[in-house]
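Colleague: I should like to go through this model with you step by step. Please reason each answer through before you name the result.

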Amino acid sequence: MKTPRWIKGLSFACTAWLVATASAAETVRVFAAASLQGPLDEVAHAWDGEVVISYGGSGAIARQVSQGAPADAVILANVAWSDWLVQEGHAPDTARPLLSNTLVIIGPSGAPTLPGPEPETILARLDGRRLAMGQHMSVPAGIYAQAWLEGMGTWTALRPKLAETENVRAALALVARGETPLGIVYASDAAASDDVSVVFEVPADAHPPILYPGLALSPGGSAFLDHVATHSDVFTAAGFRLP
């Protein structure tokens with residue numbers, strides 16, 4: 001006996017509903033650059049499902065994913081690292097640019113502005129102490145900072161005075177706690193803390209463009225990146241820019 005069409009239709013609808021429900025119930029695992037913490041948490045809270053975010057330096061995240069760390073989506077702060085994941089076959093598709101940022105020099109809250117970025121000016125403000133920034137070999141904020149300092153011809157003078165950290169938020173924390181008098185971080189990081197003040201804004205064209213590429217490693221990850229892209233206002237309110 002043939003199955004009535006309405007039963008077939010009901011069966012198909014039930015199956016589709018069950019698949020959608022199961023998909024929505026799945027936990028989306030996201031690895032993200034430390035500088036995104038705060039606004040990305042807010043955007044994840046608005047996601048219709050569970051999201052687990054692991055924050056860290058982009059270089060460390062890329063290496064973890066290449067070694068098999070389970071992730072549905074990756075959002076880095078450097079295009080070179082996302083390109084590397086794709087080229088090495090650890091990500092199935094090209095990255096999509098989600099956000100942009102700028103660099104600033106920060107000091108403790110209330111610190112006076114720097115009259116300029118010359119090495120003697122920075123060294124005088126350091127007064128024998130250290131300049132905090134992300135590791136220049138792996139942390140994007142540190143890579144961008146090095147490019148800027150080299151372009152100004154001050155890298156050689158400042159290199160021995162650096163306090164390099166595993167991610168940009170750690171550099172922010174050193175200045176916020178008063179452990180270093182100056183730090184180079186993203187504008188969004190400075191906006192996230194009441195314990196620091198911007199003392200110099202680095203021109204956006206003085207270093208390679210700061211972009212945050214997103215990589216989807218699963219259908220759930222792709223849907224989450226779509227969700228992130230539709231909440232750009234949360235990020236711009238936190239000091240980020242659109243690419």
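Colleague: Is Ser188 buried or exposed?

Modeller: This is a predicted model, and the answer rests on the relative accessible area computed from it. Residues under 20% count as buried. The value for Ser188 is 3%, so Ser188 is buried.

Colleague: Which residue shares a polar contact with the side chain of Ser188?

Modeller: Ser188 belongs to helix H9, residues 187-191. Not counting residues up to four places away in sequence, Ser188 touches Ser35, Asn101, Ala238, Gly239 and Phe240. A polar contact of 2.8 Å links the side chain of Ser188 to that of Asn101.

Colleague: How many residues of strand S8 are buried?

Modeller: Strand S8 covers residues 182-186. The strand is largely enclosed by the rest of the structure, because the number of its residues that are buried is 5 of the 5.

Colleague: Which strand runs parallel to S8?

Modeller: Strand S5, residues 103-108, is joined to S8 by 4 bridges, and these two run antiparallel. In that pairing, Val104 stands opposite Val185. On the other hand, Ala132 stands opposite Gly183 in S8. With 2 bridges, the strand that runs parallel to S8 is S6, residues 131-134.

Colleague: How many residues make up the largest nonpolar core?

Modeller: The residues that touch the most other members of this core are Leu36, Leu40, Ile105, Ile184, Tyr186, Tyr212 and Phe224. Apart from it lies another core, of 11 residues, including Ile61 and Val74. The largest nonpolar core has 61 residues.

Colleague: Which residue of helix H8 is in contact with Tyr186?

Modeller: Leaving aside neighbours within four places in sequence, the contacts of Tyr186 include Ser35, Asn101, Val104, Tyr144, Val168 and Tyr212. Helix H8 spans residues 168-176, and its buried residues are Val168, Arg169, Ala171, Leu172, Leu174 and Val175. The residue found in both lists is Val168.

Colleague: Which residue caps the N-terminal end of H8?

Modeller: H8 is followed by Gly178, whose phi is positive, near 80°. At the N-terminal end, a side-chain oxygen lies 3.1 Å from the backbone nitrogen of Arg169. That oxygen belongs to the capping residue, Asn167.

Colleague: Over which residues is the pLDDT below 50?

Modeller: The mean pLDDT of the protein is 90, and 90% of its residues reach 70 or more. One stretch has a pLDDT below 50, and beyond near neighbours in sequence it has 3 contacts in the model. This stretch is residues 1-24.

How values were computed
Residues numbered from 1 in each chain as written. Heavy atoms only, no water. Buried < 20%, exposed > 50% of the residue type's maximum accessible area, 1.4 Å probe, protein only. Polar contact = N/O pair within 3.5 Å; in protein donor to acceptor, adjacent residues only side chain to side chain. Contact = heavy atoms within 4.5 Å. pLDDT = per-residue confidence, 0-100. Core = buried A, V, L, I, M, F, W, Y, C linked by side-chain atoms within 4.5 Å. Pairing = 2+ DSSP bridges.
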